[in-house]
Amino acid sequence: MKPIKNMFIVIAIILFVIAGYYCWPETALPEDTKVDLLVVYKSKRKLLAYADGKLIKTYTISLGSHPIGHKAYEGDMKTPEGKYTINAKNANSGYHKNLGVSYPNDADREAAAAIGKKPGGDIKIHGLRNGRGWIGKLHRWTDWTHGCMAVTDREMDELFDAVAIGTPIEIKP
């Protein structure tokens, strides 16, 4: 009977840790912040927001389900790498809200054409699928997008308000 009791205690501790992670508040972006640069480090799953040359917040993100390497073509499930800009804002997205990334550029189109493929597009920074916002920070435990960068809905609200169209975004390996 003791092994069952020990297993119950271990499960209770694991659930407590998960609940703590899920509920622990994160620092909010300062009000009225205007982000003027975004930098993504894919290997670290981090999106850094800068204002006036200063790092103001770091977000933990999920990426495309095949995150290693630069996006080569539509459907490869990779997040692109390189220098782009935020080129759109959508408050009525199927994924809470989103910021559009200017992928593909001319070089991306040429590289995809060289292998006989389409480069794809619709790369976004977005929240969680509508109706699934309750997942919150737990979405970070896996890479699940089709090549986008995902944050929680609350984080997307912050970014949506703080990032203007035309803001540079650099996506690094």
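## A cis peptide bond before P104

P104 is situated in the loop that joins β5 (98-101) to α2 (106-114). In this predicted model, the peptide bond that runs from Y103 to P104 is cis, and its omega is near 0°.

## Overall architecture

The protein chain contains three helices and eight strands. Read from the N terminus on, its elements follow the order α-β-β-β-β-β-α-β-β-α-β. The C-alpha trace spans about 65 × 40 × 30 Å along its principal axes.

The protein chain has 173 residues, of which 39% count as buried. Its exposed surface amounts to about 9,900 Å², and 61% of that area is supplied by carbon and sulfur atoms. Among the contacts in the protein chain with a separation of 6 or more, 63% are made by residues 24 or more positions apart.

## Strand β2 and the loops on either side

Strand β2 covers residues 46-51, and K46 belongs to it. The relative accessible area of K46 is 28%; because this value falls between the 20% limit for buried and the 50% limit for exposed, K46 is partly exposed. Its side chain forms a polar contact of 2.8 Å with the side chain of T60. When neighbours within four places in sequence are left aside, K46 is in contact with V39, V40, Y41, T58, Y59, T60 and I61. V151 is 105 residues away from K46 in sequence, and the C-alpha atoms of the two residues are 10.0 Å apart in space.

R45 is placed in the loop between β1 (37-41) and β2. Although R45 is a residue other than glycine, its phi is positive, near 55°. R45 is partly exposed, with a relative accessible area of 24%. The loop between β2 and β3 (54-60) holds D52, which also is not a glycine and has a positive phi of about 55°. D52 is exposed, its relative accessible area being 70%.

## S62, a buried residue in a loop

S62 is located in the loop between β3 and β4. Is this residue buried or exposed? S62 has a relative accessibility of 0%, and it counts as buried because that value is under 20%.

The side chain of S62 is directed to two backbone oxygens. A polar atom of this side chain lies 2.9 Å from the backbone oxygen of H139, and the side chain reaches the backbone oxygen of T142 at 3.0 Å. Apart from neighbours within four places in sequence, the residues in contact with S62 are H139, R140, T142, D143, W144, T145, C148, M149 and A150.

## Helix α3 and its cover

Helix α3 is formed by residues 153-162 and is mostly covered, with seven of its 10 residues buried. Which residues of α3 are buried? They are D153, E155, M156, E158, L159, F160 and A162. The elements that cover these buried residues include β1, β3, β4 (82-90), β5 and β6 (124-126).

E155, one of the buried residues of α3, can be compared with G131 in position: the two are 24 residues apart in sequence and 16 Å apart in space, from C-alpha to C-alpha. G131 is found in the loop between β6 and β7 (149-150). With a relative accessible area of 70%, G131 is exposed.

## The largest pocket

The volume of the largest pocket is about 260 Å³. This pocket is lined by 16 residues, and those closest to its centre are G121, D122, I123, H146 and C148. C148 is also one of the residues in contact with S62.

How many residues of the lining are nonpolar, polar and charged? The lining of the largest pocket consists of four nonpolar, eight polar and four charged residues.

Note on methods: Residues numbered from 1 in each chain as written. Predicted model: local features only at pLDDT ≥ 70, side-chain atom pairs only at ≥ 80, totals over all residues. Heavy atoms only, no water. Helix = DSSP H or I, 4+ residues; strand = E, 2+ residues; numbered from the N terminus. Buried < 20%, exposed > 50% of the residue type's maximum accessible area, 1.4 Å probe, protein only. Contact = heavy atoms within 4.5 Å. Polar contact = N/O pair within 3.5 Å; in protein donor to acceptor, adjacent residues only side chain to side chain. 1 Å grid on protein atoms, 1.4 Å probe; cavity = no way out; pocket = protein on both sides within 12 Å on 5 of 7 lines; lining within 4 Å. Points joined across faces, edges and corners; volume = space filled by probe spheres on them. Nonpolar A, V, L, I, M, F, W, Y, C, P; charged D, E, K, R; others polar. Areas by Shrake-Rupley, 256 points an atom, 1.4 Å probe, with all protein chains shown as cover.
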